[in-house]
Amino acid sequence: MIDFQGGHTTVIGLTRSGKTYATKKSLEKSGKAVLFFNTQHEDMPRSFVEADGDNHYAQLNKALKAKKKINFLPDTDTTIAQKQLAYIVNKLYDGSKHDMILVVDEIHLFEKEALKNCIRVATTGLRFGITGVWISQRPANVDNTLMSQSNQFVIFETNMESNYFKTYGIPHEDIRQRLEQGGKYSYCTYNFKDVQGPDKV
Amino acid sequence: MSINDEIMGTDEQIAPETAAATPAGDAPNGGRFRIPEFLKAKTGEGSIESYLDHPLNFVKSKALAQIIRGLTGMFGALNYAIIDIVMGSLNFVKGKGANAQ
């Protein structure tokens, strides 16, 4: 299982590499509240309660305080989805302290206010009890601040764009070999000290 | 307010000039389907027979009288210029030409 307790995490992997599946399975076991911004409307475990833009933020907040895991289904219109993410993340800073994990799938799709608010989580979220988990297909497309503020990287099969991995000091060659060894759906974890894995969920 | 209401409300505050041009109307679904007001108009006053001598009832028929009564309800006294133009055109086409009164 992936451990999301140690700080912000960036999860990287190609489509169908298992990154979203592994993330949601690991979150299921977490004792924290979870708000999973389900950009691709993936199927989620039954333990997640569904929510969308027709819910009030107060309902989300109440569920988070009760340590529920929320599967938020954003609007399929990307303009509205951007605004929903921006709004929800902004509201998380309404003064109350949380103990939660905010997960944004396909983080590279978000920009402007939505991205700005996620960056706010990356830089100040831990103080307010908000741990960020950013899921993406390509490290090249993930905002630099989100990457640099991550305490760990969980890496599935990728195109291994070595330049981008080097930028963040990620030992891509070591990881590439481990993933080859581990086979399909395996992943490695790098926390700036050492590489762990390959593992599978 | 729901999350969607909140974010749409913010949009209207930022750019009220880009708000929807058509009003919500009285449709329960917020105006997606709106019955034109004129279709809800009551018919004109009086009996059908009272429209037999209407200037527009040039064939003095009851059927046309009924139509004229309905049109009166929708559009009023039917003394619009456009009515004259349309009816005059029809009479002209029928061959009354320069002799039309």
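Helices and strands here are DSSP runs, numbered from the N terminus. The model is predicted.

**Overall build**

Chain A has seven helices and nine strands. Of its 201 residues, 52% are buried. Among contacts in chain A with a separation of 6 or more, 67% link residues 24 or more positions apart. The accessible surface of chain A is about 9,400 Å². Carbon and sulfur atoms account for 44% of that surface.

**Unusual backbone spots**

Start with A:Glu106. This residue sits in the loop between E5 and helix H4 (112–124) of chain A. A:Glu106 is not a glycine, yet its phi is positive, at about 55°. Its relative accessible area is 1%, and buried means under 20%, so A:Glu106 counts as buried.

A:Lys112 lies in helix H4 of chain A. A:Lys112 also has a positive phi without being a glycine, here about 45°. Its relative accessibility is 69%, and the cut-off for exposed is over 50%, so A:Lys112 counts as exposed.

A:Gly183 follows just after H7(A) and has a positive phi of about 80°. In strand E9 of chain A we find A:Pro198. The peptide bond leading from A:Gly197 to A:Pro198 is cis, with omega near 20°.

| Residue or bond | Backbone angle |
|---|---|
| A:Glu106 | phi about 55° |
| A:Lys112 | phi about 45° |
| A:Gly183 | phi about 80° |
| A:Gly197 to A:Pro198 | omega near 20° |

**Strand E2**

Strand E2 of chain A spans residues 33–37, and five of its five residues are buried. In a regular strand, side chains alternate between the two faces of the sheet. Both faces of E2(A) are covered. A:Ala33, A:Leu35 and A:Phe37 are buried on one side. A:Val34 and A:Phe36 are buried on the other.

Which strands pair with E2(A)? One is strand E5 (residues 100–104) of chain A, parallel to E2(A) over five bridges. The other is strand E4 (residues 69–73) of chain A, also parallel, joined by four bridges. A:Val34 shows both pairings. This residue stands opposite A:Ile101 in E5(A) and opposite A:Lys69 in E4(A).

**The loop after E2**

A:Pro45 lies in the loop between E2 and strand E3 (48–52) of chain A. Is A:Pro45 buried or exposed? Its relative accessibility is 11%, and the cut-off for buried is under 20%, so A:Pro45 counts as buried. Leaving aside neighbours within four places in sequence, A:Pro45 is in contact with A:Lys24 and A:Glu28. A:Pro45 and A:Lys25 are 20 residues apart in sequence, with their C-alpha atoms 7.6 Å apart.

**Helix H7**

Helix H7 of chain A covers residues 172–182. A:His172, A:Ile175 and A:Leu179 are buried in this helix. Seen down the axis of H7(A), the buried residues fall within an arc of 60°, so they line one face of the helix. On the other side, A:Glu180 and A:Gln181 are exposed. The cover over the buried residues of H7(A) includes strand E7 (152–155) and helix H6 (162–167) of chain A. Strands E8 (186–190) and E9 (195–200) of chain A are also among the cover.

**Contact with chain B**

How many residues does each chain bring to the contact? Chain A gives 13 residues and chain B gives eight residues. The area buried between chain A and chain B is about 860 Å². Carbon and sulfur atoms give 63% of that area. Zero salt bridges are found across this interface.

Terms used: Residues numbered from 1 in each chain as written. Chains lettered and ligands numbered in written order. Predicted model: local features only at pLDDT ≥ 70, side-chain atom pairs only at ≥ 80, totals over all residues. Heavy atoms only, no water. Buried < 20%, exposed > 50% of the residue type's maximum accessible area, 1.4 Å probe, protein only. Helix = DSSP H or I, 4+ residues; strand = E, 2+ residues; numbered from the N terminus. Arc of directions from axis to C-beta. Contact = heavy atoms within 4.5 Å. Areas by Shrake-Rupley, 256 points an atom, 1.4 Å probe, with all protein chains shown as cover. Pairing = 2+ DSSP bridges. Buried area = accessible area lost by both parts, 1.4 Å probe. Salt bridge = Lys/Arg side-chain N within 4 Å of Asp/Glu carboxyl O.
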